[in-house]
Amino acid sequence: VETGLWNCKHLNNCGERGSINKLLHKFGIKSNLKTAQKYKSIEKTLNIPVEEQKEFSNLNADQIRWFESRGIKETTLKYAMVCNRAYTNKNVNAICFPYFQENELKTMKYRDYGEKSIGKEKRVWQQPGGIPVLWGLDKIDLSEPFIICEGEMDYLSFIQAGIKQVVSVPFGVDNFGWVEENWKWLEKAKAIYICMDNDNAGKKAEDKMKSTFGIERVKKIEL
């Protein structure tokens, strides 16, 4: 009851499990998804102060070369609307990943690049006040199967390979706030392919998605 999930314990061990909505459907009961899933801030738009907006621009030549060294072409970056932010008070540039939902900016993520990342873990941060939504949701056809991957670079790699039915989780595999924020779109999905890292965190995320969306809809991609 607390999680909204169920797991069949029948003696024959059928292995069925999933969301409460799936269980209701199996018994022919119509459910009100607005009560079954929490809609937290779906109408909220990320507001960036006017002075900060002036710091955004197209990617610079160094950033484009950095992506190209990883096999990501400029056309792919333009498709995903990846841009640059020049922090005037810090005299540094950061790569920006804008997250849109129904053409409204919901959150903005940043990362450093190039020599700044050599010898240490990459630094990633986000614009205050954003909400967790899937990156690329506006660009896919929800009537067709699509992929959920683990991050922006994975997303860009799929796009570069010509696979555009793909979205990315926003804040790592441990944060599932995007399920609530995107539920009215995700419930339409007929098939979801998940592509997570093959580590403990990725496996836990895989199990969570199977429980949330139903094992009959979720497939796994192994690379």
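**Exercises on a predicted model**

Trp 66 and Tyr 113 are both buried. The exercises below concern a predicted model and start from this pair.

**Exercise 1. Determine how the rings of Trp 66 and Tyr 113 are arranged, and state which parts of the chain they join.**

Solution. Step 1: the two ring centres lie 6.3 Å apart, and the planes make an angle of 70 degrees. Step 2: planes over 60 degrees apart count as edge-to-face, so the pair of Trp 66 and Tyr 113 is edge-to-face. Step 3: Trp 66 belongs to helix H4 (residues 61–68), whereas Tyr 113 is in the loop between strand S6 (104–111) and strand S7 (124–126); the pair therefore ties together parts that are 47 residues apart in sequence.

**Exercise 2. Describe the surroundings of Phe 67 in helix H4, and state whether this residue is buried or exposed.**

Solution. Step 1: a residue is buried if its relative accessible area is under 20%. Phe 67, at 0%, is therefore buried, and Trp 66, at 8%, is buried as well. Step 2: these two residues form an edge-to-face aromatic pair, with 5.1 Å from centre to centre and 80 degrees between the planes. Step 3: beyond its neighbours within four places in sequence, Phe 67 touches Leu 59, Ile 72, Leu 77, Val 82, Ile 95, Phe 97, Met 153 and Leu 156. Step 4: for one of these partners, Leu 77, the C-alpha separation from Phe 67 is 8.6 Å, at ten residues apart along the chain.

**Exercise 3. Identify further interactions that involve aromatic rings.**

Solution. Step 1: the whole structure holds twelve aromatic pairs. Step 2: through ring pairs, Phe 56, Tyr 87, Tyr 110 and Trp 125 are linked into a cluster. Step 3: one member of that cluster, Trp 125, also has the charged end of Arg 123 over its ring, 4.3 Å from the centre. Step 4: over the face of Tyr 79 lies Lys 139, at 4.4 Å from the ring centre.

**Exercise 4. Which residues of helix H6 are buried, and where do they lie around the helix axis?**

Solution. Step 1: in H6 (residues 152–160), the buried residues are Glu 152, Tyr 155, Leu 156, Phe 158 and Ile 159. Step 2: their arc around the axis is only 160 degrees, so they are on the same side of H6. Step 3: the spacing can be compared with a general rule: an α-helix has 3.6 residues a turn, so residues three or four places apart point the same way. Step 4: after H6 comes Gly 162, with a positive phi near 90 degrees.

**Exercise 5. Locate Met 81 and Glu 102, which have a positive phi without being glycines, and classify their exposure.**

Solution. Step 1: Met 81, with phi of about 60 degrees, is placed in the loop between helix H5 (74–79) and strand S4 (83–87). Step 2: Glu 102, with phi of about 50 degrees, is placed in the loop between strand S5 (92–101) and S6. Step 3: the relative accessible area is 39% for Met 81 and 48% for Glu 102, so each counts as partly exposed.

**Exercise 6. Identify a segment that calls for caution.**

Solution. Step 1: the average pLDDT of the protein is 82, and 76% of the residues score at least 70. Step 2: over residues 28–42, pLDDT stays under 50, and the model has 22 contacts beyond four places in sequence for this segment. Step 3: where pLDDT is low, predicted coordinates should not be read in detail.

How values were computed: Residues numbered from 1 in each chain as written. Predicted model: local features only at pLDDT ≥ 70, side-chain atom pairs only at ≥ 80, totals over all residues. Heavy atoms only, no water. pLDDT = per-residue confidence, 0-100. Contact = heavy atoms within 4.5 Å. Phe/Tyr/Trp six-rings, centres within 6.5 Å; stacked < 30°, edge-to-face > 60°. Buried < 20%, exposed > 50% of the residue type's maximum accessible area, 1.4 Å probe, protein only. Helix = DSSP H or I, 4+ residues; strand = E, 2+ residues; numbered from the N terminus. Lys NZ or Arg CZ within 6 Å of the ring centre and 35° of its normal. Arc of directions from axis to C-beta.
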